[in-house]
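Me: I am new to this structure. Please take me through it in questions and answers.

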Amino acid sequence: MNSYRTHACDELRLSDAGKQVTLCGWVDTVRDHGGVIFIDLRDRAGKTQVVFHPENNAELANNAENLRVESVIQVTGKVVARLKTGEVDATNPDLATGEIEVDASAMTVLNRAAVLPFQLDRNVANEDLRLKYRFLDLRRTEMQRNMILRHRITKTMRDYLDEQGFLEIETPILSKSTPEGARDFLVPSRLTPGAFYALPQAPQQYKQLLMVAGMEKYFQVARCFRDEDLRADRQPEFTQIDIEASFITPEDIYSWIENMLKRVFKESVGRDIVTPFPRMTWKDAMDQYGSDKPERRFEMKITDCSDIFANSEFRVFSGAIANGGVVKAINAKGFNPSVGQVDSLTQTAVEAGAKGLAYIKVRDVDDLKEWKSPITKRLSAEEVEALKTRLNIESGDCIFFAAGDWEQSCTILGRVRLACGEFMELLKGNDEIDLFWVNRFPLFGWDAEEQRFCAIHHPFTRPVPEDVEKVLKGEISTDICAEAYDVIFNGNELGGGSIRIHEKDLQDATFRALGLDDATIEEQFGHLLAAFSFGAPPHGGLALGLDRVVMLIGKCDSIREVIAFPKNNRGADLMSESPAPAEPNQLRDIHIQVKLPEKLRLKLEAEKAAAEAAAAEQA
């Protein structure tokens, strides 16, 4: 193989018996069986058992016995078959090399390991400890599996897109700050005092400019940056598979992505998926599931009950309808929530914008006295009967309601629905793959705080053909639909995209609909509008979140499990201790002076002292 080793630690088989070999790797385990020392030697490829016989070389066996796990060694010896006679079977069917072992004749210790901060063969609950020693954490079998899976998925996507005629083109990391939804990371310019670059939230404008440049089919494994609050599936820096093409319709995007994902699932985890994917509109997704990325692997659909309660004596419901709202409900069949679960569901509803959560526990469907709820006494017999039919209510069911604005009511019940699914363990053991498209999103939303329209996706998204004239005429409303689409996998958005605006007048009208004035349009987007005036082709694309794709296919709980060196949930890299203060001369060179508010300065100093104390105690 090379001067260090002849084989990797997963290569040797029974057919290699008698060969003299040299292996290198990490000491995975050391075992003493009656004086005979066994070491499982591990490299990225796998493991090989190495045996040291004291009767052949006592010093060598003693040295092996005293090795710490995770020390790096080089071993030379002969491949021998493991004992397998009669009642004795020393083979290991769980190892690819389980029929052989290497009888060591020489060993070189390349690097001795210190005492480990945690055992690599056990689950470590303290994620911060894992991230501080990420170089050790990455040695663990499951983490190596994740990194290999990520490589295979990325390679499969690259190979597929290359076959389809796409060119991989890099775009700048240092770019210009533009309003695209999240907060930018800013980078000060030393050569232009007082000016800043921004790290790209996505290569959106660059990929559109590549279409103007005639590249026609572009892709990139793109690094993206957003300065926003973190969660399990979000990092300040992340990777997406960015795709853009000219002279296409949404059907082209659907076909490329479906076929690419079909190959990704087959080549990475051996699963076959069905194409073409089903499609549903954003309005149907919200109406039935209360989410634009619906989890469809269990039923419990949202049902409209507005007509039942239009004239109800229960004013919370009838009043909402009179004000142009709706009454919606879900039936959690067979769910008998505890007091604590009801409190949790109520909190979920409140966090989604509700004032509370109306519910009915139906213990006996035919006995109204067994409909346990504060609202039951306010319902008429006709309303009860209509609910039974509309929601298919049976004994043991639990009904939850939301009343008010249509979108907010859908959202409230959508979150309650998911929480019920968790309490009821409706997805436990479910290995289904549910891939589908959600399309026809609203193009504009209304920002009540700023009293203006905002872009639901980004300001370069094209309206559907029937709504183009409305935008050009300035007839803006939240009913205008976007030529946009998201691909959903088991209740998670894998990626999204749209057909883009390619005409200068339509792009200018969209900017104005968003409340941008001439100066702002020219300052932030002048280069894009100028490009559109020189012959821009119709174009569109999509970006898949690579981290999320790997996380979901690999069945991980967090994207931090599939990123080699992630930040923790506070945006910190505990291993390299970043972010960190800059040196005074560095700040001087970029003409920046840091002056923290006193309250914040004291808070940060206290947090730093607490962290240092905790580290000292742990040590």
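What follows goes from strands to cores and then to ring pairs.

Me: What kind of model is this, and how are residues numbered?
Reply: This is a predicted model in which local features need pLDDT of at least 70 and side-chain atom pairs count only at pLDDT 80 or more, while totals for chains, interfaces and linings use all residues. Side-chain values use heavy atoms, with hydrogens and water left out, and residues are numbered along each chain as its sequence is written, from 1.

Me: Which residue in the hairpin of β1 and β2 takes a positive phi?
Reply: Helices (H or I, at least four residues) and strands (E, at least two) are DSSP runs, numbered from the N terminus; two strands pair if DSSP finds at least two bridges between them. Strand β2 (residues 36–42) runs antiparallel to β1, joined by seven bridges, and Asp 32 has Ile 37 as its bridge partner in β2. The hairpin has two residues between the strands, and the residue with a positive phi near 60° is Gly 34.

Me: Which residue in β4 stands opposite Gln 20?
Reply: β1 also pairs with strand β4 (residues 72–81), in the antiparallel sense and over seven bridges. Opposite Gln 20 in β4 stands Lys 78.

Me: Is Thr 22 buried or exposed, and which side chain does its own side chain join in a polar contact?
Reply: Thr 22 is found in strand β1 (residues 20–33). Buried means under 20% relative accessible area, exposed over 50%, and partly exposed in between (1.4 Å probe, protein chains only); at 14%, Thr 22 is therefore buried. A polar contact is a pair of N or O atoms within 3.5 Å; within protein, one must be able to donate a hydrogen and the other to accept it, and residues adjacent in sequence count only if both atoms are side-chain atoms. At 3.0 Å, the side chain joined to that of Thr 22 belongs to Thr 76.

Me: Which residue in the turn between β20 and β21 has a positive phi?
Reply: Strand β20 (residues 444–447) and strand β21 (residues 452–455) are antiparallel and pair over four bridges, with Asp 447 opposite Arg 452 in β21. They form a hairpin with four residues between them, and the turn residue with a positive phi of about 55° is Gln 451.

Me: Which strands stand at the edges of the open sheet of five strands?
Reply: The order in this open sheet is β14-β15-β18-β16-β17, with antiparallel pairing. Each edge strand has a single partner, so one side of it is left without a neighbour in the sheet. The edge strands are β14 and β17 (371–372).

Me: Which helix gives the most to the largest nonpolar core?
Reply: A nonpolar core is a set of buried Ala, Val, Leu, Ile, Met, Phe, Trp, Tyr and Cys residues joined through side-chain atoms within 4.5 Å. The largest has 40 residues, and Met 157, Met 260 and Trp 437 are among those that touch the most other members. Elements that each supply at least two residues include α4, β12 (237–246) and α15 (546–553). With eight residues, the element that gives the most is α6.

Me: How many residues are in the other core that lies apart from it?
Reply: Among its members are Met 280, Phe 453, Ala 482 and Ala 484. The number of residues in this other core is 24.

Me: Why is the pair of Phe 166 and Trp 256 edge-to-face?
Reply: Rings of Phe, Tyr and Trp (its six-membered ring) pair if their centres lie within 6.5 Å; planes under 30 degrees apart count as stacked, over 60 as edge-to-face and the rest as tilted. The structure holds 19 such aromatic pairs. The centres of Phe 166 and Trp 256 are 5.0 Å apart, and the pair is edge-to-face because the planes stand at 80°.

Me: How many residues apart in sequence are the parts that this pair ties together?
Reply: Both Phe 166 and Trp 256 are buried. Phe 166 lies in the loop between α4 (141–163) and β8 (167–168), and Trp 256 in helix α6 (residues 250–269), so the separation of the parts in residues is 90.

Me: Is Trp 406 buried or partly exposed?
Reply: Trp 406 forms an edge-to-face pair with Trp 282, at 5.8 Å centre to centre and 70° between the planes. Trp 282 counts as buried, at 13% relative accessibility. For Trp 406 the relative accessible area is 22%, so it is partly exposed.
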